[in-house]
Amino acid sequence: MNPQGERWTAEQVLALAPDATSRTAGGKLAAAGQWSGAGAHGQAVWGLCSGSGSKPYQTVVDLNGPGYRCSCPSRKFPCKHALGLLLLWASGEGGVPGGGEPPEWAEQWLGDRRERAEKLAAAARDGGPGRGGETGDGAGRGEKGESGGAADPEAARRRAERRAQRIAAGATELERRLADLLRDGLASADRAGYGAWDETAARMVDAQAPGLETRVRELAAIPSSGPGWPARLLEECALAHLLNQGFLHLDRLPEKLAATTRTRVGLTTPVAELLATGEPIRDRWLVLGRQDGTDGRLTTRRIWLRGERTHRMALLLSFSAPGQSPELALPPGLVLDADLTYYPAARPLRAAIGTRHEELPHAPSPPAPSPPEGCDVDTALAAYGAALGEDPWLDGWPVVLADVVPVPGDGGWQLADERSGSALPVDPRCAGRTDLWQLMAISGGGPVTVFGECGHRGFSPLTAWDPTPVSLLDTAAQGGIR
């Protein structure tokens, strides 16, 4: 009997790799001769991997997460040793036998992880401060909670007021910058250079408004970016103006739209507070896709899910320092029986993972047996339009397209829907990605199921099924097209 239930597939393991180099190196270590003392029991897989030194590397994986620890000096998570161990475990009982107990070095790390998880769960139940960065989906900038001790509500209120004042000052400064731009004429924006925008972005950083900083840098990239750039610049200026005015007049907005506005400027609810006060939704959540991106200071991982019963979409975010991989690493095709709590918003999408309800809590559910249910192009556009009506700053909305055919052309790629005779253009920013040809190969000229984001620029494909999930952005996402 396998005490861990279903073992993962090699595809699921490789989907955890931070880059193509790690996948290749991990594959070379997926041989029994490289490992000694390997074992698996409950939620843990462990082993000793021989290396160039006199002492083997101690590697342990907590499948409930998953989480990884290795004594090697690599800063990648998971490292090649963790990937090799998981690949060996996924191949069957021969390489990593089940049963037995973890060695002391592995049990100590696993125990520490369980203790942190229990403390976080207790903080969520009791409404305590917790540690916002240790929940599995990351807290992002400015979200890390207080570490220990009783929270001071009055001090927290004063800090929140001071930050709101700084953000309001930043929004007012950005309004002046936009007014100057429009007074001088958009057509001259390409002669101003990046310096002025860079100074404005720095002011947004000082104002603790990362959302406004991002919009400023997007504005700076538009001049001279191709035909029609003045019109695009005007559109983005209008959205930035709308966000500024929304934050400066939050008291006039409906509650849910005000929550969306706060999030867009960079104010988010700490995870422990969200789990303590929000309403959890239990479902079997299918992992639809994953994408990593970096802005040079922070690596952001996005993981999209859809509920089997509720059919609701959800987005998990996790963060790490540059050069490191975020810990949350759910491969496409995985199914989680878990509670998700959505962040407040006019159109809720981002969520945090709460309690997991696996029948075997030490192991994730097996992958979905078939492609998920999808929709046609017209329905996808309607879903994006409805979401955009509630969140005007929305860049894209996650959808699953069924029975579409990828078609390359001189004017760009399209996903053609034979049923309705409609076609959805692929986001032009995807044009240089080799995975579009991978999608074509998966399709073979026939209809295929594709998950991605539908936005005003078109559709950005992330995962395809043939019939098992194939992540199209394992390597392309590292380049940060978003």
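## Two antiparallel sheets in a predicted model

Four strands make up an open sheet whose order is 1-2-3-4, and the pairing within this sheet is antiparallel. The edges are formed by strand 1 (35-41) and strand 4 (67-70), each of which pairs on one side only. On average, and with direction ignored, neighbouring strands of this sheet are turned by 10° against each other. Helix 3 (residues 80-90) packs on the sheet, where it touches strand 1, strand 2, strand 3 (57-62) and strand 4, and the direction of helix 3 makes about 65° with that of strand 3. The coordinates described here belong to a predicted model.

Within this sheet, strand 1 is joined to strand 2 (residues 44-49) by five bridges, the two strands running antiparallel. One pairing can be named at residue level: Ala40 has Val45, in strand 2, as its bridge partner.

A further open sheet consists of five strands in the order 7-6-5-8-9, again with antiparallel pairing. Strand 7 (313-320) and strand 9 (351-356) are its edge strands, each pairing on one side only, and the twist from one strand to the next averages 45°. Strand 6 (residues 299-307) pairs with strand 7 in the antiparallel sense over eight bridges, and the bridge partner of Arg301 is Ser318, which lies in strand 7.

The two strand pairs are set out below.

| Strand pair | Bridges | Sense |
|---|---|---|
| Strand 1 and strand 2 (residues 44-49) | five bridges | antiparallel |
| Strand 6 (residues 299-307) and strand 7 | eight bridges | antiparallel |

How values were computed:
Residues numbered from 1 in each chain as written. Predicted model: local features only at pLDDT ≥ 70, side-chain atom pairs only at ≥ 80, totals over all residues. Heavy atoms only, no water. Pairing = 2+ DSSP bridges. Axes fitted to C-alpha atoms, helices over the stretch in contact; angles between N-to-C directions. Contact = heavy atoms within 4.5 Å.
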